[in-house]
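Trainee: I'd like a close look at a single part of this structure. Please take me through the aromatic side chains and the strands that carry them, one step at a time.

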Amino acid sequence: MKTIKYLALAAIVLSTATSCEKALGPYSNPDCYLNFRFIDSEGNDYQNEDIAKIPSIASTPILYNFKTHGNVQSDTVWIAAKTAGFVKDYDRSYDLEQVQIEGAQNAVPGVDYVAFDSQEAKNAQVVKAGETLFKVPVIVLRSSTLQTKDVLLKVRFKENQNFKNGFTMMQERIISFTDRLSKPTVWDQCGY
């Protein structure tokens, strides 16, 4: 009886071990994808699953204030991004678009930032040959609106001949920019 139990147990273990192995073919999907990077305080990338569990990671804006940058009339906000898929040995352009945020003071192209379809922006929207990690340049402008209001610019990757959209939770980034000093909301909570 013991022999039968041991043989049955051995058969189960053997079938489990052999059923888990499957030969995987080489990766052959020719499509390439773009994602924004969301980086924690230790420099590690949040994964799509992390952002799905904590959506505030994706909705927290990148902050820029002209007041802290002297008299510049324009500046570049750099947003970390990455590719997925095969690395190419040639430069590839990508496209960006603005997404309107309901109920917010949305940035106006050509007034608050250099429009993504302008030649100046198009020249900078390139993933260099051999790169997988890169920075997306967004040129913000010091408009008069910024002296009285904060402006939001929600940026999204737009599919083109070189890239498809990657993970849903990693397709958009928000930039909040202004040209005024304001009291942080935390001060009210602390009694300042």
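Mentor: Let's begin with a definition: two strands pair if DSSP finds at least two bridges between them. Keep in mind throughout that this is a predicted model. With that in hand, look at Asp 95, whose bridge partner in strand 8 is Lys 158. That bridge belongs to the ladder between strand 5 and strand 8 (residues 151-158), where 5 bridges join two antiparallel strands.

Zoom out a little, and these two strands turn up in an open sheet of 4 strands, with mixed pairing and the order 2-10-8-5. Strand 2 (62-65) and strand 5 (95-99) stand at its edges with a single partner strand each, so one side of each has no neighbour in the sheet. From one strand to the next, the twist averages 30°.

There is a second open sheet of 4 strands, again with mixed pairing, in the order 7-3-1-9. Here strand 7 (133-141) and strand 9 (164-165) are the edge strands, each pairing on one side only. Strand 1 (residues 33-36) runs parallel to strand 9, and 2 bridges join them. Within strand 9, Lys 164 stands opposite Tyr 33.

Now for the rings themselves. The count comes to 5 aromatic pairs. Start with Phe 36 and Phe 157: their ring centres are 4.2 Å apart and their planes meet at 20°, and planes under 30 degrees apart count as stacked, so this pair is stacked. It links distant parts of the chain, with Phe 36 in strand 1 and Phe 157 in strand 8, 121 residues apart. Both Phe 36 and Phe 157 are buried.

A second pair is made by Tyr 94 and Phe 134, with centres 5.5 Å apart and planes at 50°, so it counts as tilted. This one also links distant parts of the chain: Tyr 94 lies in the loop between strand 4 (92-93) and strand 5, Phe 134 lies in strand 7, and 40 residues separate them. Tyr 94 has 1% relative accessibility and therefore counts as buried. Phe 134 is at 7%, so it counts as buried too. Ring pairs join Phe 36, Tyr 94, Phe 134 and Phe 157 into a cluster.

What surrounds these rings? The largest nonpolar core has 31 residues, and those touching the most other members are Phe 36, Tyr 94, Val 136, Leu 153, Phe 157 and Phe 177. At least two residues of this core come from each of strand 1, helix 3 (56-59), strand 3 (74-84), strand 7, strand 8 and strand 10 (172-178). As a general background, nonpolar side chains tend to be buried together in soluble globular proteins.

Phe 36 is a good residue to select in your viewer. Leaving aside residues up to four places away in sequence, its contacts include Ile 79, Ala 80, Leu 96, Val 136, Val 155, Phe 157 and Met 170, along with Arg 156, Gln 171, Glu 172 and Arg 173.

Finally, here is the whole chain as a frame. It has 5 helices and 10 strands, and 32% of its 192 residues count as buried. Among contacts with a separation of 6 or more, 78% are between residues 24 or more positions apart. The accessible surface comes to about 12,200 Å², with 55% of it belonging to carbon and sulfur atoms.

Methods: Residues numbered from 1 in each chain as written. Predicted model: local features only at pLDDT ≥ 70, side-chain atom pairs only at ≥ 80, totals over all residues. Heavy atoms only, no water. Axes fitted to C-alpha atoms, helices over the stretch in contact; angles between N-to-C directions. Core = buried A, V, L, I, M, F, W, Y, C linked by side-chain atoms within 4.5 Å. Buried < 20%, exposed > 50% of the residue type's maximum accessible area, 1.4 Å probe, protein only. Contact = heavy atoms within 4.5 Å. Areas by Shrake-Rupley, 256 points an atom, 1.4 Å probe, with all protein chains shown as cover. Phe/Tyr/Trp six-rings, centres within 6.5 Å; stacked < 30°, edge-to-face > 60°.
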